[in-house]
Amino acid sequence: MSETTRTEAVPGAEDRRLANGKAAGKSNNPSMLRMLLRDKFATTGAAILLIVLATAVFGPLLMGELATKQNLMFANKPPFDPANGWEYFLGSDSLGRSVLARLVVATRTTMLVAIPAVAAALLIGSLWGVWAGYHRGWRENVSMRVADVIMSFPSLLLAVVVLYVFSPSIANIVLILALTRIPIYLRTARAESAELQSRTFVDAARTFGSTPNAIIRRHVIPVVAPTLLTLATLEFCYVMLAESSLSFLGIGIQPPDISWGLLVAQGRQYLQTAWWLSIFPGVAIVITAIAANMLAAWLRIATDPSQRWRLTLPGRKKFITRISAKESK
């Protein structure tokens with residue numbers, strides 16, 4: 001009796017074989033969360049970003065009043081002194097306000113600028129670029145010339161000029177930063193969709209009578225989206241740093257609102273006597289930017305089907321051992 005016949009003769013053997021096949025399929029195609037947890041750097045970056053977002057959402061509700069409370073008896077208190085209480089753990093400024101509370105409140109303002117600016121630029125630039133790249137012709141030429149005109153001006157310089165003419169409010173900062181970053185997504189989406197426009201699966205959909213809008217929605221955007229999301233993660237760092245630079249120059253966020261960049265600008269005149277006023281907001285900017293870059297590097301591999309296998313390896317040592325064993329044979 002063959003092995004297949006013996007297996008089929010055992011009651012429930014087929015069900016167990018199917019269950020084992022499904023389990024093997026799950027192990028070969030782990031979820032995004034499982035792949036994220038396997039990468040320590042990406043997990044650390046994602047955890048830091050989650051903490052920053054949670055701080056931006058709930059922090060001002062808990063420490064909003066403490067950020068504006070003045071106490072001249074605690075003016076310029078140094079950090080890490082338990083005798084001053086937990087609210088002055090990161091020290092105080094020249095008016096006796098808690099640096100910890102002001103840093104927490106400033107997190108919301110920084111995120112209110114960075115996240116909407118990135119989201120608006122991603123949505124407009126991606127849809128525009130996919131539309132231009134798929135249809136080609138005059139649509140592509142006009143779109144690329146518009147992108148060239150916008151990119152001919154340095155984005156930070158253009159923001160400085162516009163905000164100098166108009167009032168530097170949060171809405172204006174988001175608008176100008178989103179406008180200057182649209183060409184980045186437009187050019188990327190245009191290149192990706194132009195290459196996909198001649199692919200076999202797109203030709204097949206066109207042959208079966210699908211409309212251009214349906215092809216773009218069902219076949220082009222799902223393929224282009226991973227690259228654009230990775231780009232958006234990197235652009236989040238740029239927009240956050242651009243807002244900090246504008247606030248540092250005095251044409252960004254204006255008091256009584258506070259942001260990380262504004263805290264750095266306000267503390268620069270006290271660097272020799274109260275270094276913590278500028279150092280701690282600067283450290284928050286650097287850590288958040290590094291965390292976003294680490295997550296973007298992982299996201300680029302995780303969303304690429306041709307590179308995703310790298311994240312499914314059980315471990316580098318096992319992988320090296322397996323290769324050595326094959327070479328020895």
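**Exercise 1. Identify the members of the largest nonpolar core that touch the most other members, and the helix that gives the most to this core.**

Solution. Of the 72 residues in the largest nonpolar core, Leu177, Met240, Trp260 and Trp298 touch the most other members, where such a core is a set of buried Ala, Val, Leu, Ile, Met, Phe, Trp, Tyr and Cys residues joined through side-chain atoms within 4.5 Å. Helix 5, residues 99-135, gives the most to this core, with 15 residues. Here buried means under 20% relative accessible area, exposed over 50%, and partly exposed in between, with a 1.4 Å probe and protein chains only.

The model is predicted, so local features need pLDDT of at least 70 and side-chain atom pairs count only at pLDDT 80 or more, while totals for chains, interfaces and linings use all residues. Residues are numbered from 1 along each chain as its sequence is written, and side-chain values use heavy atoms, with hydrogens and water left out.

**Exercise 2. State how many helices and strands the chain has, and what share of its residues is buried.**

Solution. The chain has 13 helices and zero strands, these being DSSP runs numbered from the N terminus (H or I with at least four residues for helices, E with at least two for strands). Buried residues make up 39% of the 329 residues in the chain. Of the contacts with a separation of 6 or more, 69% are accounted for by residues 24 or more positions apart, contact meaning heavy atoms within 4.5 Å.

**Exercise 3. Describe how helix 12 packs with helix 11 and with helix 10.**

Solution. Begin with helix 11 (residues 260-267) and helix 12 (residues 276-302), whose axes come within 7 Å and cross at roughly 150°; the helix 11 direction is therefore roughly antiparallel to that of helix 12. Axes are lines fitted to C-alpha atoms, for helices over the stretch in contact, and angles run from 0 to 180 degrees between N-to-C directions; angles under 35 degrees count as roughly parallel, over 145 as roughly antiparallel, 65 to 115 as roughly perpendicular and the rest as oblique.

Next take the residues: Trp260, Gly261, Leu263, Val264 and Gly267 in helix 11 meet a set in helix 12 that includes Leu277, Pro281 and Ile285. By class, this contact of helix 11 with helix 12 has seven nonpolar, five polar and no charged residues, with Ala, Val, Leu, Ile, Met, Phe, Trp, Tyr, Cys and Pro counted as nonpolar, Asp, Glu, Lys and Arg as charged, and the others, Gly among them, as polar.

Then turn to helix 10 (residues 212-249), which packs with helix 12 at an angle of about 170°, the axes being 8 Å apart, so that helix 10 is roughly antiparallel to helix 12. Among the contact residues are Phe236 and Met240 of helix 10 and Ala292 and Arg300 of helix 12. The classes in the contact of helix 10 with helix 12 are 11 nonpolar, six polar and one charged residues.

**Exercise 4. Locate the cis peptide bond and the residues Asn76 and Phe80, and give their backbone angles.**

Solution. Most residues other than glycine have a negative phi, and most peptide bonds are trans. The bond from Pro255 to Pro256 is cis, with omega near 10°, and Pro256 is found in the loop between helix 10 and helix 11. Asn76 has a positive phi, near 55°, and is partly exposed, with a relative accessible area of 29%. Phe80 also has a positive phi, near 60°, and is partly exposed at 48% relative accessible area. Asn76 is found in the loop between helix 4 (40-68) and helix 5, and Phe80 lies in the loop between helix 4 and helix 5.
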